Amino acid sequence: NVIAANGTIRISDSAALGTAATNLFASGPGTVTFNNSITVNNPITLQGLGLGNRGTLQVAGGVTTVLTGNLSLAASANALVSVPSANTLNFSNAIGASNVFTNLIKSGTGTLIYSGSSNNTFVGTTYVAQGPMIVNKAQPFNVNAPVIVGDGAGGDDADVLTAQQSFAASALTIGASGHLISAGAISAVVL
């Protein structure tokens, strides 16, 4: 296991964590930063308190990082995914949670992508608090879980959810700064 328990671990190479069997944890106030255009095959767990009191994943340096291992949200409150401007982070496998009280917050004006064919089992709320998020999964996105787009900051259409296929949510809230672009059917109570 590789654990970012205090401070930041920066990963610049796809082979930096060894085999795909090595688990990567952002735990306590720890943060994992990807700062090259790489593909990471390792399972990742966000837990405890990191940047802004959350377990945190982030990308930096104008890169595209693809995470092909499963992502597990084990925090008891919020897990943060920070994607600054000119960066892209692509989760191409399943997102699950061991704690039903865990929420995922997307921040930064860069692009977060959910792709791949594995169904997410994560049932917490997804907050698109800043910038664009693209959902392009072969399976439904966050079935029976709420999605909130827009935090009211950044002006009109500052926070965008693009659904490139049908997705289901127990509730879809589009805030003052939120915008929804959908190429498929939406099964949700839109608030």
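The protein chain in this predicted model holds 0 helices and 22 strands. Buried residues make up 47% of its 191 residues. The chain exposes about 7600 Å², and carbon and sulfur atoms supply 52% of that area. Contacts also reach along the sequence. Of the contacts with a separation of 6 or more, 49% join residues 24 or more positions apart.

**A parallel sheet**

Strands of a sheet pair through backbone hydrogen bonds, either parallel or antiparallel. Here, 5 strands form an open sheet, and the pairing is parallel. The order is S1-S3-S6-S9-S12. Strand S1 (2-4) and strand S12 (95-97) are the edge strands, and each pairs on one side only. From one strand to the next, the twist averages 20°.

Look at one edge of this sheet. Strand S9 (residues 71-73) is joined to S12 by 3 bridges, and the two run parallel. Which residue is the bridge partner of Leu 73 in S12? The partner is Ala 97.

**The core and Phe 91**

In soluble globular proteins, nonpolar side chains tend to be buried together. The largest nonpolar core of this chain has 34 residues. Phe 34, Leu 57 and Phe 91 have the most contacts inside that core.

Take Phe 91 as an example. Is Phe 91 buried or exposed? Its relative accessibility is 3%, below the 20% cut-off, so Phe 91 counts as buried. Leaving out residues up to four places away in sequence, Phe 91 touches eight named neighbours: Leu 57, Leu 67, Leu 71, Val 81, Leu 112, Ile 113, Tyr 114 and Ser 115. One of them, Leu 57, is also among the core residues with the most contacts.

**An aromatic pair**

A pair of aromatic rings is described by the distance of the centres and the angle of the planes. The model has 1 aromatic pair. Its rings belong to Phe 91 and Tyr 114, with centres 6.0 Å apart and planes at 45°, so the pair is tilted. Why does this pair tie together parts that are 23 residues apart in sequence? Because Phe 91 lies in strand S11 (residues 88-91), while Tyr 114 lies in strand S14 (residues 111-116). Tyr 114 counts as buried too, at 1% relative accessibility.

**A buried serine**

Ser 107 lies in strand S13 (residues 103-107). At 16% relative accessibility, Ser 107 counts as buried. Its contacts include Leu 80, Val 81, Ser 82, Val 83 and Gln 130, again leaving out residues up to four places away in sequence. Val 81 is touched by Ser 107 and also by Phe 91.

**Two positive phi values**

Most residues other than glycine have a negative phi, and most peptide bonds are trans. Ala 86 and Asp 157 each have a positive phi. Each of these residues lies in a loop between strands. The table sets out their values.

| Residue | Phi | Loop between | Relative accessible area |
|---|---|---|---|
| Ala 86 | about 70° | S10 (78-82) and S11 | 62%, exposed |
| Asp 157 | near 60° | S17 (146-149) and S18 (159-163) | 43%, partly exposed |

The loop of Ala 86 leads to S11, the strand in which Phe 91 lies. Ala 86 is exposed, whereas Phe 91 is buried.

Key. Residues are numbered from 1 along each chain as its sequence is written. This is a predicted model: local features need pLDDT of at least 70, side-chain atom pairs count only at pLDDT 80 or more; totals for chains, interfaces and linings use all residues. Side-chain values use heavy atoms; hydrogens and water are left out. Helices (H or I, at least four residues) and strands (E, at least two) are DSSP runs, numbered from the N terminus. Buried means under 20% relative accessible area, exposed over 50%, partly exposed in between (1.4 Å probe, protein chains only). Contact means heavy atoms within 4.5 Å. Rings of Phe, Tyr and Trp (its six-membered ring) pair if their centres lie within 6.5 Å; planes under 30 degrees apart count as stacked, over 60 as edge-to-face and the rest as tilted. A nonpolar core is a set of buried Ala, Val, Leu, Ile, Met, Phe, Trp, Tyr and Cys residues joined through side-chain atoms within 4.5 Å. Accessible areas come from the Shrake-Rupley method with a 1.4 Å probe; for residues, only the protein chains shown count as cover. Two strands pair if DSSP finds at least two bridges between them. Axes are lines fitted to C-alpha atoms, for helices over the stretch in contact, and angles run from 0 to 180 degrees between N-to-C directions.
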